[in-house]
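Please open the structure in a viewer and keep the sequence at hand. The tour proceeds by selections, each followed by a description of what is there.

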Amino acid sequence: MDNKRLKPKPKIALCAAFHQGLEIITHLTGSYYPIKFVATCHRDLSPFESKIAGVCKKKGINIYRKIDINTGDFISKMKKHRIDIVILAWWPDIIKKDVIKAARVGFVNLHPAFLPYGRGKHAYYWSIVDNTPFGAAIHLIDEGIDTGKVLFRKKIPVSIEDTGESLYTKGVKEVIGLF
């Protein structure tokens, strides 16, 4: 047997919002990698915020509710838990540089677009208007808006019958599946 030292599992935090965040946390709670804590967004006024909190309570996961992650308080929470990776599960805020740097490895974002096309909001709309490729991507975040290194992506065909709503639905489903 090889005596190579086993690498420790990364310490993961999840920032979850809306129904997509609930789907992702439900998927992640049964994974090999334990979640150190979950933060819900101060801007998430949907009923999914309390459902996310319920999943955390049931699974014994630390939760910080209604958080603005662009604060020193959030950075302190990351340092306390020695977080390596933060997964943004439908987080609506732009993350500031000092917060990004507080994660040992970085922040990972799930985005319903075929990056580098469709940066920012409403990628499905711009795909139709600009006739650009559409899809789903998982990428590291940096100081730009959806400009970080793409880790995974998948193209979604756009048909003449597609609308912004149908593409959005396809993009959400595909990015969750890709994750």
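The stops below move from the nonpolar cores to a helix, a strand residue and several salt bridges. Please bear in mind throughout that this is a predicted model.

**First stop: the largest nonpolar core**

Select Leu14, Ile24, Ile25, Val38, Ile87, Leu110 and Val175. The largest nonpolar core has 24 residues, and these seven touch the most other members. Next, colour the elements that give two or more residues to this core: strands E1 (12–16), E2 (35–41), E4 (85–89), E5 (106–111) and E6 (134–140), together with helices H1 (18–28), H2 (48–59) and H6 (164–178). Which element gives the most to this core? Helix H1 does, with four residues.

Now centre the view on Ile87. Beyond its neighbours within four places in sequence, Ile87 is in contact with Ile12, Ala13, Leu14 and Cys15, as well as with Leu28, Val108, Leu110 and Phe179. Apart from this core lies another, of 23 residues; Phe37, Leu88, Trp91 and Phe107 are among them.

**Second stop: helix H1**

Select H1 and show its side chains. Which residues of H1 are buried? They are Gln20, Gly21, Leu22, Ile24, Ile25 and Leu28. These buried residues pack against strands E1, E2, E4 and E5, and against helices H2 and H6.

**Third stop: Thr40**

Select Thr40, a residue of strand E2. Is Thr40 buried or exposed? Its relative accessibility is 0%, so Thr40 counts as buried. Two polar partners can be displayed here. The side chain of Glu49 makes a polar contact with the side chain of Thr40, at 2.7 Å. In addition, a polar atom of the Thr40 side chain lies 2.8 Å from the backbone nitrogen of Lys66. With neighbours within four places in sequence left aside, the residues in contact with Thr40 are Ala16, Glu49, Ile52, Ile63, Tyr64, Arg65, Lys66, Ile67 and Trp91.

**Fourth stop: salt bridges**

How many salt bridges are counted in the model? The count comes to seven; three of them can be visited in turn.

Begin with Asp93 and Arg43, whose side chains meet in a salt bridge at 2.3 Å, N to O. This pair links distant parts of the chain, 50 residues apart: Asp93 is in the loop between E4 and helix H4 (97–102), and Arg43 is in the loop between E2 and H2. Asp93 has 14% relative accessibility and therefore counts as buried, whereas Arg43 is partly exposed, with a relative accessible area of 42%.

Move next to Lys77 and Asp73, where the salt bridge spans 3.2 Å, N to O. Both residues lie in helix H3 (residues 72–81), four residues apart, which is about one turn of the helix. An α-helix has 3.6 residues a turn, so residues three or four places apart point the same way. Lys77 counts as buried, at 15% relative accessibility, while Asp73 is partly exposed, at a relative accessible area of 44%.

Finish with Glu174 and Lys154, whose side chains form a salt bridge of 3.3 Å, N to O. Here too the pair links distant parts of the chain: Glu174 is in helix H6 and Lys154 in strand E7 (residues 150–156), 20 residues apart. Glu174 counts as partly exposed, at 22% relative accessibility. Lys154 is partly exposed as well, with a relative accessible area of 40%.

Key:
Residues are numbered from 1 along each chain as its sequence is written. This is a predicted model: local features need pLDDT of at least 70, side-chain atom pairs count only at pLDDT 80 or more; totals for chains, interfaces and linings use all residues. Side-chain values use heavy atoms; hydrogens and water are left out. A nonpolar core is a set of buried Ala, Val, Leu, Ile, Met, Phe, Trp, Tyr and Cys residues joined through side-chain atoms within 4.5 Å. Buried means under 20% relative accessible area, exposed over 50%, partly exposed in between (1.4 Å probe, protein chains only). Contact means heavy atoms within 4.5 Å. A salt bridge is a side-chain nitrogen of Lys or Arg within 4 Å of a carboxyl oxygen of Asp or Glu. A polar contact is a pair of N or O atoms within 3.5 Å; within protein, one must be able to donate a hydrogen and the other to accept it, and residues adjacent in sequence count only if both atoms are side-chain atoms.
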